[in-house]
Amino acid sequence: MDSKLRKMAISASVAVILLVVVIVIAGNSKEAQSIRTDKNPIVGNTSDNESVSITETEILSGQIGEDLSAFLKDNTFFDEEVNPVLEDIRNQSNRLSLVMTSVEKDLRIQIVDIEGNPVKGESFYVSLEGHGEFKDLDRDGVIYIGDLSPGEYFVELLPQEGYKVPLNETRVRVKDKVEYVAIDDIALLIKTEDEVDAGAEDSREQDAQSDADKTEISKLQVLSGKSKAGIDVSKWNGEIDWDKVKNAGVEFAVVRAGYRGSVSGSLVQDPRFEENMRGAQAAGIPTGVYFFTQAVSEVEAVEEASMVIELLRKYKVEFPVFIDTEGAGGNGRADGLDAETRTLVCEAFCRTIENAGYTAGVYGSRNWYNNRMEMKRLDNYFIWLAEYRSVPLYQGYYGMWQYTSKGKIDGIDGNVDLNIYYE
């Protein structure tokens, strides 16, 4: 069950419990009202077998339901050991469950709370059938197990003090091959910059800058025909006045959705992604999206694409969704990939994006394309070239050209990347 359905189920359960309480109180209230309207007195017997009438006032004294606020005077009402409803709610609050995903011969196990959020700060253990026990070493609520044979396994979350774990083992299927489809619960892995060392993790280095020459154009090009003039932006561009950008002649914008950390490999959302998407679209500027990759395998590329797909659920994009493949200063986790592996990463990202219904593309510099990629295998995807000179030297096909990183646009403080889109 994905996290959204789990939250809905939990909310429904709590609502049912509260409804039962209301019904019981209301029922008692109706019973009391019925007694009040009964004209016939209730007759009982004394020890001497003498008939005696019990008056209405006498029968209602202390009657449950007579005073709907009486529970406030009951010292035991909020006692979890006495009140079964509150006890049940308390028991639910520390109940854990497992969310498991397999992409290719691997298994990612997420330990989540009643609201579907990963439980952090605990050293959880799980037992995987035939493979022993595994520990959440970094205590982030996620345990990743690689190099598994495909097939079905049983997973058990071992007891943890202070928590209620599932009573039964959970069955999961480990996939044989990557299927290039979005991971349903990828939202559980997306982090904000408050949760990482952004200075170390966000270390993209523009390779195109080292190849720039004196002919680089830094002004927004006035185009004719079907070509369009645009920009690409991220947190580095700060707060943007999108109405001014629109009035300056910008016809499209490609917004960074996020990045994979260069050191830890965490999936991190760009802190200005939502702001930029809303601002550009409110100003009537069509948008595309890019993601800075540090994936070292197809599995990680599918994760990155899944994150982008998750973030785009609230937005409509008219331009492609790009994987940004560049260096990260030489020390990035993906900087040393060979050309074949890097190309596989780009293919996996693009295939996952396309299977979700979007147009997929690849961003890179001329040097990167010529020396770090196998471009013939990427012919089916939209190519975005970064080359900072008046006339590109790149000989391959490309549908968009980033011609400078030193552009100036009204509404944006400092430099901004400028692009031409060829229709």
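# Sheets, a hairpin and charged side chains

In the hairpin built from strand 5 and strand 6, three residues lie between the strands, and Gly130 adopts a positive phi near 80 degrees. The structure is a predicted model. This briefing covers that hairpin, two open sheets, a salt bridge and a charged surface patch.

**The hairpin of strands 5 and 6**

- Strand 5 (residues 125-128) pairs with strand 6 (residues 132-135) in the antiparallel sense, and four bridges connect them.
- Leu128 has Gly132 of strand 6 as its bridge partner.
- Ser127 stands opposite Glu133, which also belongs to strand 6.

**The four-stranded sheet**

- Strands 5 and 6 belong to an open sheet of four strands, arranged in the order 6-5-8-9 with antiparallel pairing.
- Strand 6 and strand 9 (170-174) are the edge strands of this sheet, each pairing on one side only.
- From one strand to the next, the twist of this sheet averages 35 degrees.
- In general, the strands of a sheet pair through backbone hydrogen bonds, in either a parallel or an antiparallel manner.

**The three-stranded sheet**

- Another open sheet consists of three strands in the order 3-4-7, and its pairing is antiparallel.
- The edges are formed by strand 3 (97-101) and strand 7 (142-145), each of which pairs on one side only.
- The twist in this sheet averages 20 degrees from one strand to the next.
- Strand 3 and strand 4 (residues 107-112) run antiparallel and are joined by five bridges.
- Met100 stands opposite Ile109, a residue of strand 4.

**Salt bridges**

- Side chains of opposite charge can pair when their charged atoms come close.
- The whole structure contains 26 salt bridges.
- One salt bridge is formed between the side chains of Arg204 and Glu326, with an N to O distance of 2.5 Å.
- This pair links distant parts of the chain, as Arg204 and Glu326 are 122 residues apart.
- Arg204 occupies the loop between helix 4 (198-201) and strand 11 (228-233), whereas Glu326 occupies the loop between strand 15 (321-324) and helix 8 (339-355).

**A negative surface patch**

- Glu239, Asp241, Asp243 and Asp410 together form a negative patch on the surface.
- Within this patch, Asp243 is located in helix 5 (residues 242-247).

Key:
Residues are numbered from 1 along each chain as its sequence is written. This is a predicted model: local features need pLDDT of at least 70, side-chain atom pairs count only at pLDDT 80 or more; totals for chains, interfaces and linings use all residues. Side-chain values use heavy atoms; hydrogens and water are left out. Two strands pair if DSSP finds at least two bridges between them. Axes are lines fitted to C-alpha atoms, for helices over the stretch in contact, and angles run from 0 to 180 degrees between N-to-C directions. Patches are made of residues with over 30% relative accessible area and no salt bridge: like charges are joined within 9 Å, nonpolar side chains (Val, Leu, Ile, Met, Phe, Trp, Tyr) within 5 Å. Accessible areas come from the Shrake-Rupley method with a 1.4 Å probe; for residues, only the protein chains shown count as cover. A salt bridge is a side-chain nitrogen of Lys or Arg within 4 Å of a carboxyl oxygen of Asp or Glu. Lys and Arg count as positive and Asp and Glu as negative; His and the chain ends are not counted. The place of a charge is taken as NZ of Lys, CZ of Arg, CG of Asp or CD of Glu.
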